[in-house]
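Trainee: I am new to this structure and would like a close look at a single part of it. Could you pick one strand, walk me through it, and then show me what lies around it?

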Amino acid sequence: MQFPHLFSSVTINGMTLKNRAVMPPMGTGYGNPDSTVSDRLVAYLSRRAQGGTGLIITEVCAVDARGKGFPNEIGIWSDAFIPGLARIPEALHLFGAKAALQLHHAGRETFEDAIGTIPEAPSAIPSVILGQPCEAMSLERITQLVEAFASAAGRAKEAGFDAVELHGAHGYLLNQFLSPFSNQRDDKYGGSDESRARFVLEIIAAVRKKVGNDFPVWIRVSADELVRGGYDLSFMQKFAPMMVSAGVDAIHCSVGVYSTPGGLSIASMDTEPGFNLFRARALKDVVHVPVIGVGRINNPELADQAIARGDADLISFGRQHLTDPDFINKVRDGALDDIRWCTACNQGCIERLSFEMKSATCSFNPECGGEHKGQAPKAKPSKRVWVIGAGPAGLSAAMAASARGHKVKVFEKEEKPGGQLLSASQPPHKSAFKDWLIWSLRQLKKSSTPVHCQNLISKEEIKQHMPEAVILACGAYPVTLPIPGLDSEKVVDARDVLTGKVELKSPAVVLGAGYVGMETADYLLSKGIPVTVLEMQAFPPVGKLTAHGYWLHKRIKSAGGRLIFGAQVTCIEAGDVRYRQGDTERMENAAMIVTAMGAKSDNSLEDVLKELSIPYIIVGDAKSPRRVLEAIHEGHRAGGEI
Ligand SMILES: Cc1cc2nc3c(=O)[nH]c(=O)nc-3n(C[C@H](O)[C@H](O)[C@H](O)COP(=O)(O)O)c2cc1C
Ligand code: SF4
């Protein structure tokens, strides 16, 4: 066996796991509006259990209606929830996985809209990120919530769960009590380290009393808050043995809170894989119970070695489970080439959930969250389908259509397939974007679906071959603004820069500070080229609230890149970029001027399809230029419908 440590069994207070791979809790938004468990949630979790994971910890489950972090968070604050929740362990046990329920109270990290009242917290200090006012909890309320956690654990046991995890991490209520940053009480629950720890220790003791000694209970903590005024790893090293004495059987070692710079609780592609393992190790050094390591780990080798070295006893693979539910079985079977890799882009999962208020999915796995719908039906009759364009939308469409039994051919005008993924995978930390391309081409090869490159499809060819259905995925071409001098030979397109089609020159001016412009600047700076980015808008189009946005700004700044906002470019003259900022005329000298001003859909073949009455669907950037998520999901839908 290739990864013997990862695939060895482990026992936590009598619960024996078939391997040491954990799916950590991940909020999905799949619960029903009344906080009960939905078919969608059961199907999604069950699909992950089918993929071979030893332990699945459900997403947050509120112990009190006032503790929900988002409107349809599942709940366990009354016995009425038990039958619905019982469906989860029942489904997971069918595949040999153990099921733990994560017990949660969001404290101040929620909205009035989600809970219908003002949030409660140790002190009336609003969340740094949400800014939502909150109320300090009374002593009576503290006692009630200690009891709420205990009752919830009792219900979880009754529902058939194998264990419960207390959510003590990520800046939620338990974490808020531990932290001098959010707990400024002057009673016995605030002040010294011991007093701030009291609420959590009382909960652990009450839960233990409720479920008995032989039921596994553990806590998830942020080992270091990584915020000014918060607690650090040395506090957690002191606190961890106290939690074990109070009754926990394991510790799940996460990191960070909502306002931790760079979003390290759900670290983006910009953070090194396994960056948090040293903290798991630091906790293992002070406790004798198993420690679960987590944080940007999807490399099985890294996981196996971490267990072998004793950094952690089990490893959580979070987002990787969203991208590929069969990840663990593929690792076990040595089928690493068939793994669809998580890129840590965060767009389809946590950013959709947190910033777009939509249910989570995965940019690269369009089936994530749709498991309850089952597979698309086989095509009857099987048609000759042409997919025109081999970017993410086209490749995704081709996979879905060929899985249904259509006879699919893919055509690409460029030398290589991949479309925008070819340039998008070039900036620093983004090489994983190419992994999806490699994976999708492998899947198409397995299904004998040809991808013809350097094959620009003309109207005549369509007329001659008359495909029975067409998916138009021709992408988009870059557009520029009508700026005098933009036809200078110094002016190049960002995509050509990133794919190495043009020679790099120094210094560079990038026009546009959207993601393409920012990532191109990051790329050029990593090659040692000084960069100035000029953006028309007064505010950065790429904010610092997302983890990737934060790190992009930080890297560009620390490499000496200049970002100039509110810059209206007026002309390019003898290699100088002239622009107006307010009433002031300014100028930047450049050896290379890179345009990153947006794109326009390419739909030139639509007319002929209409004329010939050939059924067609337009997908991805060809429909309207958007992100890889929309391209892959739309392509998949089209392949399922055509
Ligand atoms: C969409 C999403 C929702 C999450 N929800 C929770 C949650 O409900 N409870 C929790 O403790 N952590 C939550 N997390 C954090 C994950 O459990 C995990 O710690 C994090 O994704 C880092 O692991 P990874 O790098 O393997 O993905 C969530 C992460 C994501 C991506
Ligand atoms: S959306 Fe991005 S970060 Fe989230 S699971 Fe998918 S690939 Fe990973």
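**A close look at strand S10**

Mentor: Happy to. Strand S10, residues 217-222, is mostly covered, with 6 of its 6 residues buried. Please keep in mind as we go that this is a predicted model.

Let us begin with the side chains. Val217, Ile219 and Val221 point one way from S10, while Trp218, Arg220 and Ser222 point the other way. Both sets are buried. Arg220 and Ser222 are therefore covered just as the valines are, since buried here means under 20% relative accessible area.

Now for the partners of this strand. Strand S9 (residues 163-168) runs parallel to S10, and 5 bridges join the two. If you would like one pair to find on the screen, take Leu166, whose bridge partner in S10 is Ile219. S10 also pairs with strand S11 (residues 251-254), again in the parallel sense, over 4 bridges. Here you can look for Arg220, which has His252 in S11 as its bridge partner.

With the strand in place, we can step back to the domains. The protein chain is divided into domain 1 (10-372), domain 2 (378-478 + 602-641) and domain 3 (491-597). The centres of domain 1 and domain 3, taken over C-alpha atoms, are separated by 40 Å. Their contact draws on 12 residues from domain 1 and 7 residues from domain 3.

Next comes the nonpolar interior. The largest nonpolar core has 129 residues, and the ones that touch the most other members are Phe199, Met243 and Ile251. Domain 1 and domain 2 both give residues to this core, so it lies between them. Apart from it lies another core, of 21 residues, which includes Ala521, Leu552, Val594 and Ala596. Phe199 is a good residue to zoom in on: leaving out residues up to four places away in sequence, it touches Met137, Ile142, Leu145, Val146, Leu173, Leu174, Phe177 and Tyr189.

Two cysteines are worth a glance as well. Cys134 is buried, at a relative accessible area of 8%, and Cys342 is buried too, at 14%. The structure holds 0 disulfides.

For a buried residue in another strand, try Ala469, which sits in strand S17 (residues 469-472). Its relative accessibility is 0%, so Ala469 counts as buried. Neighbours within four places in sequence aside, Ala469 is in contact with Lys383, Arg384, Val385, Trp386, Ile614, Pro615 and Ile642. His406 is 63 residues away from Ala469 in sequence, and their C-alpha atoms are 9.8 Å apart in space.

Finally, here is a sheet to set beside the parallel pairings of S10. Three strands form an open sheet in the order S23-S24-S25, and the pairing is antiparallel. Strand S23 (568-573) and strand S25 (584-589) stand at the edges with a single partner strand each, so one side of each is left without a neighbour in the sheet. From one strand to the next, the twist averages 25°. Strand S24 (residues 576-581) is joined to S25 by 6 bridges, and Arg578 stands opposite Met587 in S25.

How values were computed. Residues numbered from 1 in each chain as written. Chains lettered and ligands numbered in written order. Predicted model: local features only at pLDDT ≥ 70, side-chain atom pairs only at ≥ 80, totals over all residues. Heavy atoms only, no water. Pairing = 2+ DSSP bridges. Axes fitted to C-alpha atoms, helices over the stretch in contact; angles between N-to-C directions. Core = buried A, V, L, I, M, F, W, Y, C linked by side-chain atoms within 4.5 Å. Buried < 20%, exposed > 50% of the residue type's maximum accessible area, 1.4 Å probe, protein only. Domains from an automatic or database assignment. Contact = heavy atoms within 4.5 Å. Disulfide = S-S within 2.5 Å.
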